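Visitor: Please pick a single part of this model and take me through it closely. I would like geometry first, then side-chain contacts, with every cut-off stated.

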Amino acid sequence: MRPFGKFARCYGRSCRAEFIWFLLFFLVLGALAVWFTSPMIVGMLWALLMIPLSSVGIRRLHDLNLPGGIWTVWLTITVILPMFGLSYMNNEGHLSDYMLYLHYAWLFVTGTLLLFLCFASGQEGPNKYGPVPCVKAAVAADEEEAAKED
């Protein structure tokens, strides 16, 4: 898969197909791991796949001409902070219902934004993060420029 070839490269751009296919791979592999393995293996798998998922997410944001720091903020608030569970505990050491529902609402909002990343068109032509990421898109852009010159 292309994201594994660009394992930790957070510069450049990723097209929709690259992001969608890697996200589907991540979700299917994660679901299979949850169903068939122990929680420790699921945690290790999640930790291993988080780096390429983050790099492809950052490059996808670059394709939309957005800064990659948005992905880092999302990852911190949605994934890393809840792992520690510090903000979710009440005085008895149980999850606070209010904080749990707030986290679910946040996951819904960010999940919706993740769908936006999946289906939004990238910026046509090169942008400040690099050239068009997919070969077909690059060929189409070159053909349009040639047609405009004629």
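Guide: Start with how a bend is defined: the bend at a residue is the angle between two axes, one fitted to the seven residues ending there and one to the seven starting there. Helices here are DSSP runs (H or I, at least four residues; strands are E, at least two), numbered from the N terminus. The model is predicted, so local features need pLDDT of at least 70 and side-chain atom pairs count only at pLDDT 80 or more, while totals for chains, interfaces and linings use all residues. Residues are numbered from 1 along each chain as its sequence is written, and side-chain values use heavy atoms, with hydrogens and water left out.

The part to look at is helix H3, residues 39–63. Take its length. The expected span of a helix is 1.5 Å times one less than its number of residues. For the 25 residues of H3 that gives 36 Å. The end C-alpha atoms lie 35 Å apart, which agrees. Now its axis. H3 has a kink of about 35° at Met-50. The proline Pro-52 follows shortly after that kink. Past the helix end, Asn-65 comes just after H3 and has a positive phi of about 65°.

Next, the charged contacts. Side chains of opposite charge can pair when their charged atoms come close. The test for a salt bridge is a side-chain nitrogen of Lys or Arg within 4 Å of a carboxyl oxygen of Asp or Glu. Searching the whole structure gives three salt bridges.

Look at Asp-63. Its salt bridge to Arg-13 has the closest N and O atoms 2.7 Å apart. That pair joins distant parts of the chain, 50 residues apart: Asp-63 belongs to H3, and Arg-13 to the loop between helix H1 (2–5) and H2. Is Asp-63 buried or exposed? Buried means under 20% relative accessible area, exposed over 50%, and partly exposed in between (1.4 Å probe, protein chains only). Asp-63 has 4%, so it is buried. Arg-13, at 5%, is buried too.

Asp-63 also forms a salt bridge with Arg-60, at 2.6 Å between the closest N and O atoms. Here both partners sit in H3, three residues apart, about one turn of the helix. Both of them are buried. Shared partners join Arg-13, Arg-60 and Asp-63 into one salt-bridge network.

Then Arg-59. Its side chain meets that of Glu-18 in a salt bridge, 3.0 Å from N to O. This contact again links distant parts of the chain: Arg-59 is in H3 and Glu-18 in H2, 41 residues apart. Arg-59 has a relative accessible area of 0%, so it is buried. Glu-18 is buried as well, at 6%.

One step along that partner helix is worth taking. H2 covers residues 16–36 and holds Phe-22 and Phe-25, three residues apart, or about one helical turn. Rings of Phe, Tyr and Trp (its six-membered ring) pair if their centres lie within 6.5 Å; planes under 30 degrees apart count as stacked, over 60 as edge-to-face and the rest as tilted. By this rule there are three aromatic pairs. Phe-22 and Phe-25 make a tilted one, 5.9 Å centre to centre with 40° between the planes. Phe-22 is buried at 0% relative accessibility, whereas Phe-25 is partly exposed at 30%.
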